[in-house]
Amino acid sequence: MEAPRTRARTAPDTADQPAVELRRVHKRFGKVHAVRDVSLSIRENEFFSLLGPSGCGKTTVLRMISGFETPTEGELYLEGRLANTIPPYRRDTNLIFQHLALFPHLDVYDNIAFGLRLRRLGRDEIRRKVLEILDLVHLGGYESRRIHQLSGGQKQRVAIARALVNQPAVLLLDEPLGALDLRLRVQMQVELKEIQHRVGTTFVYVTHDQTEALTMSDRIAVMRDGMVEQLGTGRDVYERPRTRFVAMFLGDSNLLIGQVEAREESRTIVRAAGHVLIAPAEETATPGTAVYLCVRPERLRLVGPDDAPLPASYENRIRAQVRDVTFKGAFIEYRLATPSDDTLIAQAHADGTRVIERGGSVVVAWRAPDGVVLTE
Amino acid sequence: MTVAAASRPARGARGQTLVLAGLLGPAVAFIVALLLTALGVLFINSVYHFTGTQVQPRITLEAYRRFFTDSFYANVVWQEVRLAVVTTALCLAIGYPTAYAITKIRTPGWVIAAYIVIFSPLLTSSIVRAYGWLVILARGGLVNWVLADLHLIGAPVRLIYNFTGVTIALVHVLLPFTVFPILAVLLRMDPTLREAASDLGATRLHTFLRVTWPLSFPGLYAAAQLTFVLAMNAYVTPQLLGGGRIQVLPLLIYGNISDLNWPLAAVEAIALIGLVWAITLSSNLLFRRRLAATTEHE
């Protein structure tokens with residue numbers, strides 16, 4: 001695809017310039033402080049997600065990038081240009097709305113051509129671009145359909161096409177897959193990622209669905225109460241959550257309340273659940289600090305009386321009793337109770353070999369690097 | 001509870017139809033019976049003979065002949081249609097921006113205030129309202145006084161007992177009926193559609209022309225039709241503000257009934273009904289495609 005609208009107009013050597021940058025941005029709606037001191041730097045061609053529960057300010061951030069809201073404080077840069085007060089119609093961004101906002105009085109072709117016509121492109125050029133983008137979203141031949149004749153997934157594709165056909169520097173997506181059923185949603189996630197690879201545009205994606213964010217994003221900003229709680233790749237935020245909120249919001253977590261016994265060069269010794277447990281080094285974990293020791297359920301191994309012993313690398317071991325067993329398809333989930341009355345969730349691959357019965361006695365074990373110390 | 005639950009599956013679609021018929025039946029029967037009876041009586045009267053002092057049950061077409069050959073009636077019809085069209089056009093020109101502005105008011109208190117102002121004409125009796133306009137528009141009335149005081153006019157402008165006066169008062173009465181359907185359709189419109197247009201590069205003007213206007217067209221159309229029909233059937237306003245110089249069919253009908261010339265009154269009534277129906281239906285045909293395009297998604 002050719003160079004987009006205004007990208008050519010900005011400074012020539014902008015290789016390392018972020019596509020979107022927020023510097024200490026605040027947004028207040030009356031007394032509500034919706035966005036608090038958010039600083040973000042979104043790279044060119046990055047698939048960036050804003051993840052958080054409803055009301056965390058993620059949509060407000062997106063609406064500031066698209067121009068529907070103006071920051072109360074701080075600066076917003078689009079490709080190096082201060083953009084705080086540029087109206088939406090003069091920004092090189094396009095937004096895919098949560099409820100799509102397709103024009104009901106126009107057919108598929110006219111919906112997609114809407115932006116191109118406003119830019120006064122020639123009739124033939126518009127036609128070529130619309131047909132090309134329809135192909136890209138696998139809707140060739142649908143140009144004269146009316147919007148109400150389309151299925152949910154097809155409407156989704158039209159919305160994507162209507163935004164992408166303008167070749168925006170940044171494509172903004174506001175939970176666009178929320179209304180679709182699970183199967184279609186998973187399919188569209190894969191397609192969106194594929195489309196992003198093909199068109200090479202910066203995507204900023206807002207979602208409250210952690211699986212969606214993990215599946216598609218290069219980087220994720222986890223938001224809470226108007227602030228960015230943690231920023232990193234999907235693996236970073238999932239495997240090394242920095243706060244209890246992030247650990248709980250992304251997937252299931254076991255959180256054991258404990259106290260730091262000792263801080264060593266490469267590891268932290270924590271007393272929790274009546275045991276001395278070993279965890280990775282954590283700078284802020286000075287002896288005596290109250291902490292949470294977080295371990296993902298899939299990292300826990302269960303050893304029954306008849307099982308072969310685990311390798312020595314499984315340093316942390318706690319006795320527990322199986323309280324509940326749930327078959328979840330690909331895995332089996334065990335709810336366990338320790339003698340110290342802590343509850344642990346463990347997930348084991350349903351590989352068909354064995355299921356530990358309810359009431360059974362087991363040893364729960366995990367490797368030191370699989371835990372995370374949260375000082376918070 | 002158990003009885004109702006048990007009877008539900010057995011009732012099915014036919015049962016539902018019966019319930020619907022039971023609920024709607026009396027109202028429909030009442031209206032249809034009245035309407036058909038009234039139209040029947042009207043038709044019978046229209047073919048009776050009028051001696052000059054009384055009606056005789058002798059079949060004749062003389063009332064029709066008089067109505068369709070005497071150019072007086074053609075002029076009345078022409079003036080009435082002109083009055084209704086001008087009134088409707090003015091109502092739309094004032095009503096659309098008003099409805100649009102109301103949707104933009106953020107403070108709930110001001111929205112309520114706007115509603116009260118717009119719907120206030122309906123809270124007054126039409127006779128009081130018409131006399132009010134007479135006071136305001138008369139030779140020595142408020143409008144002429146202000147205009148003269150500002151030296152904008154030398155002699156008083158004639159604003160009553162003519163087309164202008166009737167139009168001004170009719171626009172005032174009918175404005176709520178114009179504003180309401182437009183307001184309803186504008187309020188129902190998904191506000192993110194306007195945002196989407198803006199996001200795609202449309203200025204406020206383009207957003208209005210390409211999204212708001214076409215999507216509000218059904219409301220505008222309904223408003224136009226309603227206003228037109230009400231203007232065609234207006235009686236009190238043309239009567240009082242026309243001062244006998246503005247003749248419309250409802251006035252003629254009343255006059256003929258007073259003179260006991262029921263056949264001619266019946267023919268005039270039939271002509272009025274026919275005219276309104278013909279204009280409404282033909283405009284529906286004319287705008288059929290346009291309306292289908294914007295309403296079928298609902």
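## Briefing: chains A and B

Among the contacts in chain A with a separation of 6 or more, 64% are between residues 24 or more positions apart. The structure is a predicted model. Chain A holds eight helices and 20 strands, and chain A meets chain B through 19 residues from each of the two chains. The points below cover chain A as a whole, one residue of chain A, the contact between the chains, and a helix pair in chain B.

**Chain A overall**

- Chain A has 376 residues, of which 42% are buried.
- The C-alpha trace of chain A spans about 75 × 45 × 40 Å along its principal axes.
- Two domains are assigned in chain A: domain 1 covers 7–244 and domain 2 covers 252–367.
- The centres of domain 1 and domain 2 of chain A, taken over C-alpha atoms, are separated by 40 Å.

**A:Ile257**

- Strand E11 of chain A, residues 254–263, contains A:Ile257.
- A:Ile257 counts as exposed because it has 12 C-beta neighbours inside 10 Å, and the cut-off for exposed is 12 or fewer.
- Leaving aside residues up to four places away in sequence, A:Ile257 touches A:Ala272 and A:Tyr292.
- A:Ala290 lies 33 residues from A:Ile257 in sequence, while the C-alpha to C-alpha distance between A:Ala290 and A:Ile257 is 7.5 Å.

**Where chain B touches chain A**

- Chain B and chain A each bring 19 residues to the contact.
- On the side of chain B that touches chain A, at least two residues come from each of helix H8 (191–199), helix H9 (204–232) and helix H13 (288–295).
- H8(B) gives the most to this side of chain B, with six residues.
- By class, the residues on this side of chain B are eight nonpolar, seven polar and four charged.

**Helices H11 and H12 of chain B**

- Helix H11 (residues 249–258) and helix H12 (residues 262–286) of chain B have axes that come within 8 Å and cross at roughly 160°.
- H11(B) is therefore roughly antiparallel to H12(B), since angles over 145 degrees count as such.
- The crossing of H11(B) past H12(B) is left-handed.
- H11(B) makes this contact with B:Leu249, B:Leu252, B:Ile253, B:Asn256 and B:Ile257.
- H12(B) makes this contact with B:Trp262, B:Leu264, B:Ala265, B:Glu268, B:Ala269, B:Ala271 and B:Leu272.
- The residues in the contact of H11(B) with H12(B) are ten nonpolar, one polar and one charged.

Methods: Residues numbered from 1 in each chain as written. Chains lettered and ligands numbered in written order. Predicted model: local features only at pLDDT ≥ 70, side-chain atom pairs only at ≥ 80, totals over all residues. Helix = DSSP H or I, 4+ residues; strand = E, 2+ residues; numbered from the N terminus. Buried ≥ 20, exposed ≤ 12 C-beta atoms within 10 Å, placed from the backbone. Contact = placed C-beta atoms within 7 Å. Nonpolar A, V, L, I, M, F, W, Y, C, P; charged D, E, K, R; others polar. Domains from an automatic or database assignment. Axes fitted to C-alpha atoms, helices over the stretch in contact; angles between N-to-C directions. Parallel < 35°, antiparallel > 145°, perpendicular 65-115°, else oblique. Left-handed = near helix turned anticlockwise from the far one by under 90°.
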